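Got the model open in your viewer? Let's walk through it one selection at a time.

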Amino acid sequence: QSIKSVIFGDKVQHIPNHLCAYLAGLTEIHIPKSVMTIGDDAFKGCDNLKSLYCYATTPPTILGYTAIPTTISNVYVPYACVEDYKTQWSSLADKIVGYDFE
């Protein structure tokens with residue numbers, strides 16, 4: 001049985017390097033407001049990843065070019081922060097969508 005969804009706790013501030021790398025069944029990730037950095041290759045090789053929900057109003061710093069696969073379908077972020085995410089997460093800009101987390 002494979003892991004399909006990862007929901008990080010509200011107190012997590014850093015997602016470590018390689019934490020979820022190569023989880024082939026992973027389709028969805030939820031990153032809380034508290035996360036400030038996403039480690040290098042954190043989700044590398046998660047080729048079936050469809051959705052990333054990032055609740056942070058300030059885009060977390062991505063440490064490395066392969067932390068989040070560019071094959072992802074959608075990156076959902078707070079509506080008011082879409083442009084900040086598109087600027088800071090430029091390699092994923094065309095995947096970033098505003099979302100109402102309330």
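Select β5 (51–54) and β7 (74–78): these two strands pair in the parallel sense over three bridges. Strands here are DSSP runs of E, at least two residues long, and helices are runs of H or I of at least four, all numbered from the N terminus; two strands pair if DSSP finds at least two bridges between them. Show Y53 and Y76 as sticks, since Y76 in β7 is the bridge partner of Y53.

A word on what you're looking at: this is a predicted model, where local features need pLDDT of at least 70 and side-chain atom pairs count only at pLDDT 80 or more, while totals for chains, interfaces and linings use all residues. Residues are numbered from 1 along each chain as its sequence is written, and side-chain values use heavy atoms, with hydrogens and water left out.

Stay on Y76 and look to its other partner: Y76 also stands opposite V97 in β8. β7 and β8 run parallel and are joined by four bridges. Now add α1 (82–88). Together, β7, α1 and β8 make a right-handed β-α-β unit; right-handed means that, with the strands pointing away from you, the path from the first strand over the helix to the second runs clockwise. How many of the five residues of β7 are buried? Four are, so β7 is largely enclosed by the rest of the structure. (Buried is under 20% relative accessible area, exposed is over 50%, and partly exposed is in between, using a 1.4 Å probe and protein chains only.)

Next, color the whole sheet. Five strands form an open sheet with parallel pairing, in the order β1-β3-β5-β7-β8. At the edges sit β1 (5–7) and β8, each pairing on one side only. Neighbouring strands are turned by 15° against each other on average, direction ignored; the axes are lines fitted to C-alpha atoms, with angles from 0 to 180 degrees between N-to-C directions. Over at β1, three bridges join that strand to β3, and the two run parallel. Pick V6 there and you'll find I29 of β3 opposite.

Now for the core. Select I31, I38, F43, I68 and W89: they have the most contacts inside the largest nonpolar core, which has 27 residues. (Such a core is a set of buried Ala, Val, Leu, Ile, Met, Phe, Trp, Tyr and Cys residues joined through side-chain atoms within 4.5 Å.) β3 (28–31), β5, β7 and α1 each give two or more residues to this core. Zoom in on I31, which touches residues including F8, I15, I38 and L52, leaving out those up to four places away in sequence; contact means heavy atoms within 4.5 Å.

On to the rings. Y53, Y55, Y76, Y99 and F101 are linked into a cluster by ring pairs. Rings of Phe, Tyr and Trp (its six-membered ring) pair if their centres lie within 6.5 Å; planes under 30 degrees apart are stacked, over 60 edge-to-face, and the rest tilted. Select Y55 and F101 for a tilted pair, 4.2 Å centre to centre with 40° between the planes. The two are 46 residues apart, with Y55 in the loop between β5 and β6 (61–62) and F101 in the segment after β8 (96–99).

Last stop: two loop residues. H18, in the loop between β2 (14–15) and β3, has a positive phi of about 65° without being a glycine. D41, in the loop between β4 (37–38) and β5, has a positive phi of about 60° and isn't a glycine either. Are they buried or exposed? H18 counts as partly exposed at 48% relative accessibility, whereas D41 is buried at 10%.
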